[in-house]
Amino acid sequence: MTNTALSLNYLQAKKGIFSWIFSVDHKRIALLYLYSIGTFFLVGVTLGVLMRLELLNPGKDIMEAQTYNQVFTMHGVIMIFLFIIPSIPAVFGNFFLPIMLGTDDVSFPRLNLLSWWIYIIGAIMALSTLLFGDGPADTGWTFYAPYSVKTGTNVTMSVLAAFVLGFSSILTGLNFIVTIHRLRTPGMSFMKMPLFAWALYATSWIQLLATPIIGITLLMIVAERVFGVGLFDPSIGGDPILYQHLFWIYSHPAVYIMALPAFGIISELLPTFANRTIFGYKAIAFSSLAIAFVGYFVWGHHMFTSGMSGPARIIFSIMTFLVAIPTAIKVFNWVATLYKGSIDVQPPLLYALGFIFQFMIGGLSGLVLGALAADIHLHDTYFVVGHFHYVMFGGTGFAFFGAIHYWYPKIWGRMYNKLVANIAFFILFIGFNTLYFPMMIVGLMGMPRRYYDYLPEFHLPNMISTYGSWILATGLLLMLGNLIAGSRRKREHIDRNYWKTGITLEWQTLSPPPVSNFDRMPVLPKDGPYDYDHKPEIKEKED
Amino acid sequence: MRTGASTFAEGVDLSLYIIAGISIFFLIGITAVMIYFVFRYSKKRNPKATNIEGSNTLEVIWTVIPTLLVIVMFYYGWMGYKPMRNVPDDAIVIEAYGQMWKFSFEYPDGKVTDSLVVPVNRPVKLNLNSRDVLHSFYIPAFRVKEDMVPNGENYLWFEPNLPGRYDILCAEYCGQLHSYMLSSITVVSDAEYNSWLTSAPSITDEHPGLSLLKQNACLTCHSQDGSKIIGPSFKGLFGKTEIVVTDGQEREVTVDETYITRSIKEPNADIVQGYMKGLMVSYAEVLSDEQIAEIIDYIKTLE
């Protein structure tokens with residue numbers, strides 16, 4: 001290949017819509033995911049803002065109870081299955097895993113494209129319930145039986161959509177596992193892999209091993225609704241608790257599918273902006289595996305009030321507390337990475353710091369819920385809703401935003417306005433905490449979740465929370481506007497190592513990268529991926 | 001948080017305060033250290049970073065300390081929870097039913113009510129059951145909650161120690177009017193409880209058809225005064241001519257025994273014009289033919 005072919009970037013290589021939707025280039029597939037996931041995220045946000053509007057005052061504000069129930073179900077289904085599960089792995093994993101490993105693509109590029117198409121088909125199925133049949137499901141994203149068996153709404157289609165989406169997740173997981181095992185550049189042993197790759201590795205195993213269980217469970221719902229097979233509905237001989245077990249055996253590990261990649265992002269952002277090696281590389285890498293492993297055995301904490309036996313409740317409570325330990329280890333190592341660094345406060349770092357703060361609130365409130373006595377009071381209340389959003393949005397969501405601000409110059413070879421990005425971060429941060437913290441308070445007061453209407457004593461926190469949703473929405477719009485405006489700016493030269501202090505391999509190639517990822521052989525740092533003492537010299541141009 | 005009004009409140013609140021206390025300490029501590037580092041080791045103040053790859057001592061410390069702390073947290077959670085599973089032998093046993101979207105209670109003497117009255121300082125055991133989907137019986141002030149499962153064998157117990165009136169809420173999502181599935185529990189002295197037991201009317205003194213309508217929460221959606229809620233009103237219903245949609249076709253029917261029976265057993269077969277499909281579940285498994293006859297008998301009286 002000539003030099004020009006090597007430096008032709010992936011964005012310009014081919015033109016036309018088909019060169020995108022049938023591309024097998026992992027970078028283009030990543031962007032396909034980004035645009036589709038981003039769109040569904042905005043739909044989910046809109047539904048969330050509508051829910052908060054309805055809850056501004058007790059009684060009816062803008063919609064009927066039935067509509068509200070369908071809106072929160074749609075919000076959950078979209079945010080969980082269409083946004084947060086695929087988010088970081090499908091976008092940033094797809095784009096950067098091969099580059100960070102120093103290779104030219106994932107192991108199975110066609111399978112990679114297929115998983116995007118399956119994702120789109122699943123998404124269309126999920127959204128089709130808005131238009132066809134007896135209206136979108138009103139069961140909550142958990143589809144608890146026997147209500148999901150009895151309700152007249154279009155549960156069958158929603159459940160089938162989640163089933164189809166599961167395949168997309170499984171294929172991505174499979175692809176990453178094989179890529180990590182087979183395609184690491186010579187000299188990169190497992191212990192010299194970037195921590196983002198470690199996080200994706202742990203995530204992929206969960207995707208591969210846990211997702212089939214939800215697939216089977218969802219098909220069981222369909223069998224019960226369509227053919228009347230008595231599996232979960234006691235009136236035809238089923239057991240509703242069995243459904244909860246099967247559902248959470250997947251859905252709890254799924255929480256780690258959502259969280260682990262975010263941990264990986266944070267482990268990349270901190271060394272770059274502290275300009276120093278990560279503290280406790282092994283501890284961070286292995287704690288991901290520990291979380292993935294122990295995370296399989298804690299699902300019962302979703303069922304402390306379901307009527308599960310006493311000893312089972314005790315064991316699940318202990319296991320839940322055990323998961324906290326590897327998580328705590330990560331937080332301590334992240335903070336220690338800032339120690340004696342040379343810290344450059346840039347927008348991605350702000351998101352990382354915001355992540356650590358909010359994720360701590362999410363994790364620590366999880367401890368409250370893991371304790372048997374406290375959970376009896378707080379189970380199925382707004383405390384859980386607050387906790388969950390702190391982990392998923394305050395954690396994974398903020399890591400996603402951090403990642404997009406971090407790799408923006410690398411992906412598009414352009415730059416956004418940093419001042420606006422910083423302002424947007426602070427608005428988001430304030431809005432987020434105003435929106436979700438009152439939920440924990442109102443949960444402690446005893447307000448159950450999935451409530452269309454509430455008692456007058458719950459009014460104040462709900463009002464504050466709704467105001468928070470407006471601030472948050474403003475911050476999101478500003479952030480998004482800034483990112484879009486950046487992509488419309490005139491293309492200028494963006495250095496390979498835009499932040500100057502990036503050390504993983506993506507910072508050695510051009511911005512944006514060429515089709516085959518590298519225009520010259522990447523050089524590994526001597527002792528591990530974050531060896532800042534022997535950071536390879538990166539020249540902009542070949543001599 | 002609401003003031004605790006049962007003997008469990010102390011244990012639950014203690015576990016909450018201990019975990020919240022430890023959590024807030026670490027949250028503030030770690031956040032403060034993090035912010036301090038960002039300022040102290042900023043690029044300006046500390047142009048040259050020191051590469052510290054890690055410290056085994058520190059890793060051990062911050063593995064052991066969280067481990068000890070979570071054991072403490074687990075212990076208090078367990079201790080607060082333990083008494084909830086040990087029902088005293090002298091507890092008053094009341095059957096509690098959940099259904100879309102109301103609670104009902106059956107006392108040992110057969111009295112049926114839609115809210116609870118219990119004596120102070122006496123243990124009460126509720127056998128939890130559901131007539132349709134999952135519900136969850138929740139009294140925030142007592143710190144008790146347990147799901148009501150159809151055909152389930154769940155139970156809970158409590159000992160109220162503060163007279164007053166407290167909310168009962170449904171905590172497990174159960175459909176359209178989940179947030180309106182409310183009741184109350186009134187804690188009174190022994191004497192008041194005994195006089196209430198003998199004097200207060202049971203729902204069973206009413207027309208048996210009306211009791212069935214109440215027990216099955218029919219009246220949440222079907223009014224008795226002619227107003228339109230979610231389904232058609234029962235007032236003047238019997239003998240009336242309605243336009244219904246059957247398999248997409250409009251037709252006229254006269255409301256009689258057969259029509260009402262079919263509407264109870266297959267609610268989606270005929271939909272009265274102007275109402276939505278799919279909002280009512282079939283009661284074929286819930287109501288016997290005799291009970292449906294009682295209901296029809298009662299609807300006839302609503303002219």
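The following exchange concerns helix packing, a backbone feature and the nonpolar core of a predicted model.

In this predicted model, local features need pLDDT of at least 70, side-chain atom pairs count only at pLDDT 80 or more, and totals for chains, interfaces and linings use all residues. Residues are numbered from 1 along each chain as its sequence is written, chains are lettered from A and ligands numbered from 1 in the order in which they are written, and side-chain values use heavy atoms, with hydrogens and water left out.

Biologist: How are α11(A) and α12(A) oriented to each other?

Modeller: Helix α11 (residues 281–294) of chain A packs against helix α12 (residues 310–338) of chain A at an angle of about 160°, the axes being 9 Å apart. Axes are lines fitted to C-alpha atoms, for helices over the stretch in contact, and angles run from 0 to 180 degrees between N-to-C directions. Angles over 145 degrees count as roughly antiparallel, under 35 as roughly parallel, 65 to 115 as roughly perpendicular and the rest as oblique. The orientation of α11(A) and α12(A) is therefore roughly antiparallel.

Biologist: Is N275(A) buried, partly exposed or exposed?

Modeller: N275(A), in the loop between α10 and α11 of chain A, has a positive phi near 50°. Buried means under 20% relative accessible area, exposed over 50%, and partly exposed in between (1.4 Å probe, protein chains only). Because its relative accessibility is 23%, N275(A) counts as partly exposed.

Biologist: Which helix gives the largest share of the largest nonpolar core?

Modeller: A nonpolar core is a set of buried Ala, Val, Leu, Ile, Met, Phe, Trp, Tyr and Cys residues joined through side-chain atoms within 4.5 Å. The largest has 285 residues, and W407(A) is among those with the most contacts inside it. Its largest share, 22 residues, comes from helix α10 (residues 240–274) of chain A.

Methods. Helix = DSSP H or I, 4+ residues; strand = E, 2+ residues; numbered from the N terminus.
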